[in-house]
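This report describes one protein chain, beginning with its charges and then turning to its fold and its salt bridges.

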Amino acid sequence: MRRLPYLLPVLLFIAVAGYFAVGLTRDPQKLPSAMIDKPAPAFALPPAIADVPGLSDADLKGQVALVNVFASWCAPCRIEHPLLTALAREGVTIFGINQKDKPQAVAKFLADLGNPYARIGADTDGRVSIDWGVYGVPETYVVDRDGHIRYRHVGVLTAKDVEQTIRPLLREVSR
């Protein structure tokens, strides 16, 4: 009984070290999402810029699409943007949810980098992003013809992500 005060810190240290060791084996890009295989949340966002229509959950039905949550102030969004533009040129429908941005900044971002988005909704207060389960920008979702979220990618899309995950999944849900 007299050893318990000395053993307790050691046991606590082992427990905490074990918890962190398990955490280090997990891929930080694979965050769980309760939205997978569920309908996209109900929403209606106004246009983020004047020349491109806004976005609502009704727009997600009837086609397979990517939904990309982005912001002009997001450096990683600039890195993945050429991949989104290439996918749009190939015929992939891409919708944008612009998070907490000013219309002038969005317009400049798209003028500089090109616009891959068929529609862009302005999520000025971040509530729609929260409903989608967004942790931060960028995030990209694959949505099927019925408006169900089939996949979520957290962080920057890379060419490897597009080739190994996004394109195969788009083909699969397009059948």
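## Charges

In this predicted model, the chain carries 20 positive and 18 negative charges, and their mean positions lie 8 Å apart. Side chains of opposite charge can pair when their charged atoms come close. The count comes to eight salt bridges.

## Fold and dimensions

Five helices and eight strands make up the secondary structure of the chain. Their order along the sequence is α-β-β-β-β-α-β-α-β-α-β-β-α. The radius of gyration is 20 Å, well over the 16 Å that the globule rule gives for 175 residues, so the chain is more spread out than a compact globule. The C-alpha trace spans about 75 × 40 × 30 Å along its principal axes.

Of the contacts between residues at least 6 apart in sequence, 74% join residues at least 24 apart. Buried residues account for 42% of the 175 residues. The accessible surface comes to about 10100 Å², and carbon and sulfur atoms contribute 60% of this area.

## Salt bridges between distant segments

Arg119 pairs with Asp59 in a salt bridge whose closest N and O atoms are 3.6 Å apart. The two residues are 60 apart in sequence: Arg119 belongs to strand β6 (residues 119-123), while Asp59 sits in the loop between β3 (55-56) and β4 (65-70). Arg119 has a relative accessible area of 26% and is partly exposed. Asp59, at 19%, is buried, because buried means under 20% relative accessible area.

A salt bridge also joins Arg167 and Glu90, with 2.5 Å between the closest N and O atoms. This pair links helix α5 (residues 159-174), which holds Arg167, to the loop between α2 (75-89) and β5 (93-99), where Glu90 is found, across 77 residues. Here the arginine, Arg167, is buried, with a relative accessible area of 19%. Its partner Glu90 is partly exposed, at 49%.

## Strands β7 and β8, and a network

Glu139 forms a salt bridge with Arg152, and their closest N and O atoms are 3.0 Å apart. Glu139 lies in strand β7 (residues 139-143) and Arg152 in strand β8 (residues 148-154), a separation of 13 residues. Both Glu139 and Arg152 are buried.

Asp37, Asp144 and Arg150 are joined into one network by salt bridges that share partners.

Terms used:
Residues numbered from 1 in each chain as written. Predicted model: local features only at pLDDT ≥ 70, side-chain atom pairs only at ≥ 80, totals over all residues. Heavy atoms only, no water. Helix = DSSP H or I, 4+ residues; strand = E, 2+ residues; numbered from the N terminus. Rg over C-alpha atoms; globule rule 2.2 N^0.38 Å. Buried < 20%, exposed > 50% of the residue type's maximum accessible area, 1.4 Å probe, protein only. Contact = heavy atoms within 4.5 Å. Areas by Shrake-Rupley, 256 points an atom, 1.4 Å probe, with all protein chains shown as cover. Lys, Arg positive; Asp, Glu negative; His and termini not counted. Charge placed at Lys NZ, Arg CZ, Asp CG, Glu CD. Salt bridge = Lys/Arg side-chain N within 4 Å of Asp/Glu carboxyl O.
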